[in-house]
4 protein chains.
Amino acid sequence: MKPEERKAQILRCARKLFAQHGYYQTQIADILKEANVSRGTIYKYFANKDDIFITLLENYYHQWEDAISLTRYDIDIQHISPADFLRHRIRQSLIFFSEEPDMCSIVLRVGLGLPGELELAVSRFWDKILNIIHKDLNLARNNRHIVETMDLTLTANLLVGAVLQAAYHYFGGQNNSRKPDIERVTDEIAGLFIPGLFIRESLRVP
Amino acid sequence: MKPEERKAQILRCARKLFAQHGYYQTQIADILKEANVSRGTIYKYFANKDDIFITLLENYYHQWEDAISLTRYDIDIQHISPADFLRHRIRQSLIFFSEEPDMCSIVLRVGLGLPGELELAVSRFWDKILNIIHKDLNLARNNRHIVETMDLTLTANLLVGAVLQAAYHYFGGQNNSRKPDIERVTDEIAGLFIPGLFIRESLRVP
Amino acid sequence: MKPEERKAQILRCARKLFAQHGYYQTQIADILKEANVSRGTIYKYFANKDDIFITLLENYYHQWEDAISLTRYDIDIQHISPADFLRHRIRQSLIFFSEEPDMCSIVLRVGLGLPGELELAVSRFWDKILNIIHKDLNLARNNRHIVETMDLTLTANLLVGAVLQAAYHYFGGQNNSRKPDIERVTDEIAGLFIPGLFIRESLRVP
Amino acid sequence: MKPEERKAQILRCARKLFAQHGYYQTQIADILKEANVSRGTIYKYFANKDDIFITLLENYYHQWEDAISLTRYDIDIQHISPADFLRHRIRQSLIFFSEEPDMCSIVLRVGLGLPGELELAVSRFWDKILNIIHKDLNLARNNRHIVETMDLTLTANLLVGAVLQAAYHYFGGQNNSRKPDIERVTDEIAGLFIPGLFIRESLRVP
DNA sequence: AATGAATGAGCATTCATTCAT
DNA sequence: CATGAATGAATGCTCATTCAT
């Protein structure tokens, strides 16, 4: 097996186990068994247990960032309504989380009480996500789609908290039975937020 | 010191440490030192480390349940608008979390990867919260304040996810500097959700 | 067993094993078995394996320093000839090493290749010993018992190297069969060095 | 590169690393990197890590034996005074150690705590050295240059211990700054030992 | 011959829990 | 009742050696 494949394989197994049992309850021994790899090998590819976790987190962030980007879907920000923009972000996030249900659990529920460096890594992850949404909201405000007085930081937290909780509800945990219609959920979420988020007039202009 | 006081003191110290460092990074030794109690004593009051954590969690749930109850504030459900009802839940939750910032972190970020029983306890905690909000929404729908077709389970998740994330943003973590005006935050959150949540007509009727 | 006794017991066993097998070949498990102490206990008394070794070394240095001191034997430096002074140092060192044959091996043959801090500790040990002898020689030179031009640093090394090698020969290693007459060995060593070390005239004056 | 060259190169690098960091702190991986050789290759030339170390030690012994031999320097044992003979041994040893400062550290300070076979190899090394000096002394005694009653084994230990400690002082350790005048040091050492070692009369006869 | 990925026995250290005093 | 010394199972990590390519 090629080095890159092997590394990916270890990451895949580690992700699954971390998501199922968390950081502490997942032993290196478990990862070894799951990945069918020897003890020494894992330390060839990763400096230590933390390194595996952090790598997972950073990969995940970049994939998510990519998943919700506009350019990937040839969306022109000039010709999209704020509501459609929001729907795009929600839909892509949900699709992404549904495809990577393991990480969904990790990000949402493994944050506190990790050793040193790791806790920081999770914090940074959240900050990045919140930052992207904050920027979105700021752009919308500049374009007069959002009222001047809205607290954008708070709103970003509300949106992210709501969507990730929904994602966790559907895709996180061990319960993989629920497979929702993402289009419907997207509409539902968007429908809940749009009326309170955007100025009425802004919704008419496509 | 009386037994009950001693027990409360241990819980108080444990809560602080669990919130600051999580379940795993908090050692029994730390709690001993913080509570100024001997090793043997702690095992007189609690069966084991898990027991402390679970006790904390259950106390917390009951306090929260009490904090957001209507009766405690002499609110008559017959004479309150759905918007005011939502505002009440949000406001009381925020006040509650602001007064117990430690637990806020625990509930939101220590969930996954706890040994055996503990993980279940955290899950149950979330289920209970989601359940209460779900009932609220169901009541509102029965009273025709919410459209028939709304997915109440999803909506409950969105609301809880949003509010807890906001609470964590303001009160969680180590950052105790941010002390927001709870009334303003309540209005802001309510303002975001109300238009999408309730049928327009229902808002006019008190 | 009292804490101090227990600590002393662990040190005694560790010393024996370190001397027999060196730092690396002595496992914590070996010390546990030898001292009949559980794994956790040893870490109550010592921070880690290094700590045991360093404690041993520092105790040893202080004991040796005490053993060769003049005051302990009511020796008045004003009324002792340089030859008798040298004999005293040699005799006391030999007695000391013969009583602690374990440490003799440790100091002489475990120096290089110890992890970080430890190597420094051994170096410091040697520096201290060499320093004491250097001071002795300096005093002798000031009292005109040694020629002005002698290289005292080199001579200190020669003396220490010779005496420790002799001590290792008799007391070090596993060979505990050879039990020399210390008085004879002292005379022999002193007899070898005195003629080349001290100015002839100085030997006549008591 | 030819096999023999390659083997020599590995030994050279290993020697440097062993001397700097000792046996245990030197990993095979370090030697590989230093020698620019692959993992598999090193095991073509040497059975294992021990084998490298032992080879080094034996090479070293033979080189030293050669360095201090008389024949190599066309010295006729019949026409050399015991003092000059001693000076020759000391001078050649110092020159040798100064040219191979790495091994100097190894022999002097890596002895104890080596696994199995290795410790024996180091012991043998010391025995050989002590044996040669013992023979020298015996010869001197037979020629009436040394008093009948002298303990030759002890004296050999004293001489070897002194000279090697001096060599370590000047050439061992990391301190490569001190470059002493070997002729002066030789005289100093010889000057210290000769008066106590040889019968006065023997020194007059060349 | 040469390579370097894979192996796994071995080791120091941690920490919740117990129990003799 | 209170104490804190003692316990030992559990775990992350290292590194010499092997062997398929």
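This is a friendly conversation about how to read a predicted model of four protein chains and two DNA strands.

Colleague: What should I know before I start?

Modeller: This is a predicted model, where local features need pLDDT of at least 70, side-chain atom pairs count only at pLDDT 80 or more, and totals for chains, interfaces and linings use all residues. Residues are numbered from 1 along each chain as its sequence is written, while chains are lettered from A and ligands numbered from 1 in the order in which they are written.

Colleague: Which residues are closest to DNA strand E?

Modeller: A residue is near a strand if its C-beta atom, placed from the backbone, lies within 6 Å of it. Here 31 residues surround DNA strand E, and A:Ser38, A:Gly40, C:Asn48, D:Arg39 and D:Gly40 are the closest. Elements giving two or more residues to that surface include α1 (3–25) of chain A and α3 (39–45) of chain D. Helices (H or I, at least four residues) and strands (E, at least two) are DSSP runs, numbered from the N terminus.

Colleague: And how many residues surround DNA strand F?

Modeller: DNA strand F has 32 residues around it, the closest being A:Asn48, B:Arg39, B:Gly40, C:Gly40 and D:Asn48. By class, the surface near DNA strand F has eleven nonpolar, twelve polar and nine charged residues. Ala, Val, Leu, Ile, Met, Phe, Trp, Tyr, Cys and Pro count as nonpolar, Asp, Glu, Lys and Arg as charged, and the others, Gly among them, as polar.

Colleague: How are chain C and chain D related?

Modeller: Two copies of a chain are related by a rotation about an axis and a shift along it. Chain C can be laid on chain D by a turn of 179° and a shift of 0.0 Å along the axis, with an RMSD of 0.2 Å; the superposition is by least squares on the C-alpha atoms of residues with pLDDT of at least 70 in both. The two copies are thus related as by a two-fold rotation axis. The same surface serves both copies, since 100% of the contact residues of chain C recur in chain D.

Colleague: How many residues from chain C and chain D take part in the contact?

Modeller: Two residues are in contact if their C-beta atoms, placed from the backbone, lie within 7 Å. Chain C brings 34 residues and chain D brings 35 residues. On the side of chain C that touches chain D, α8(C) has the largest share, eleven residues.

Colleague: What about chain B and chain A?

Modeller: There, 35 residues of chain B are in contact with 34 residues of chain A. α8(B) gives the most to the side of chain B that touches chain A, with eleven residues, and by class that side has 19 nonpolar, 13 polar and three charged residues.

Colleague: Which is it for chain B and chain D, touching or apart?

Modeller: Chain B and chain D do not touch, and their nearest C-alpha atoms are 32 Å apart. No contact joins chain A and chain D either, whose closest C-alpha atoms lie 13 Å apart.

Colleague: At what angle do helices α4 and α7 of chain B pack?

Modeller: Two packed helices are described by the angle between their axes and the distance between the axes. Axes are lines fitted to C-alpha atoms, for helices over the stretch in contact, and angles run from 0 to 180 degrees between N-to-C directions. Helix α4 (residues 49–68) and helix α7 (residues 117–142) of chain B pack at about 5°, with their axes 10 Å apart. They are therefore roughly parallel to each other, a label for angles under 35 degrees.

Technical notes: Parallel < 35°, antiparallel > 145°, perpendicular 65-115°, else oblique.
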